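Take a look at the sequence and the model below. We will walk through a few places in turn.

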Amino acid sequence: MRGILGLVPRTGSVLLAGEETIRLATHALVRRGIGHAPEGRGVCAALTVAEKLRLAERPETGEPDYDLVHELFPELRRRARQAAGTLSGGQQQMLAIARTPLNGNRLIIADEPTKGLAPKVVSEVARALERAADAVPVLLVEQNLAVVRHLARHCVVLADGRTAHQGPALDLLADAEAARRLLGVGRGDPARTGPPLPGTARPAAPTPEADT
């Protein structure tokens, strides 16, 4: 993900809507409509929720869509004046994700959004990502297979930095032998796949990625 965003040295080719972006600086990629929710959340503890969202505004994209953000994350509206550092881990993750649909981005990159979260909060974050994916494509890096099963249409499995598999996500998860070989789990291994997520099982995110 950091390579796509130009945050680390990279080679090869990255296309966004057919446009080569490998030589563009990070700020230029952001201006082309890539929103990033980083692993580790990247929340500044001293700022309030409202201030953190305000910092994410990009005037060149027009009026920020706070209506969408508050529809996806109603808890953030209620906590607008609260310091981000006093939020729970799940609320901080919601704040990190909420910055991405604020500016009408063409792509949201979500890097390990459920890492370290309690099961209930995992479900809340997954539902928010599902709703966000109805408005904009989501590229998701995720190792919780219950979340992948719930959200993903297309998956890419990475092993040692190389593509080991790509194809429909549900086809991979339904194939016990392939799942065991590529992911190290079987269909009936709840300790690795995680509990079922509530709500519809309809795959929602147009372009997610499952990372091993």
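The backbone nitrogen of R58 lies 3.0 Å from a polar atom in the side chain of N103. This comes from a predicted model. The N103 side chain also reaches the backbone oxygen of A56, at 2.8 Å. So where does N103 sit in the chain? Find the loop between α5 (89-98) and β4 (107-111); N103 lies there. Leave aside residues up to four places away in sequence, and N103 touches A56, E57, R58 and T61.

Is N103 buried or exposed? Its relative accessibility is 7%. Buried means under 20%, so N103 counts as buried.

Now turn to the cysteines C44 and C155. C155 has a relative accessibility of 1%, so C155 counts as buried. C44 has 36% relative accessibility. Partly exposed covers the range between under 20% and over 50%, so C44 counts as partly exposed. How many disulfides does the structure hold? The number is zero. A disulfide is a covalent bond that joins the sulfur atoms of two cysteines.

Next, follow the chain through strand β6 (residues 154-159) and strand β7 (residues 162-168). In which sense do β6 and β7 pair? They are antiparallel, and they pair over six bridges. One bridge to pick out is that of A159, whose partner in β7 is R162. Two residues lie between the strands of this hairpin. Look at D160 in the hairpin: D160 takes a positive phi near 55 degrees.

Definitions and conventions
Residues numbered from 1 in each chain as written. Predicted model: local features only at pLDDT ≥ 70, side-chain atom pairs only at ≥ 80, totals over all residues. Heavy atoms only, no water. Helix = DSSP H or I, 4+ residues; strand = E, 2+ residues; numbered from the N terminus. Buried < 20%, exposed > 50% of the residue type's maximum accessible area, 1.4 Å probe, protein only. Polar contact = N/O pair within 3.5 Å; in protein donor to acceptor, adjacent residues only side chain to side chain. Contact = heavy atoms within 4.5 Å. Disulfide = S-S within 2.5 Å. Pairing = 2+ DSSP bridges.
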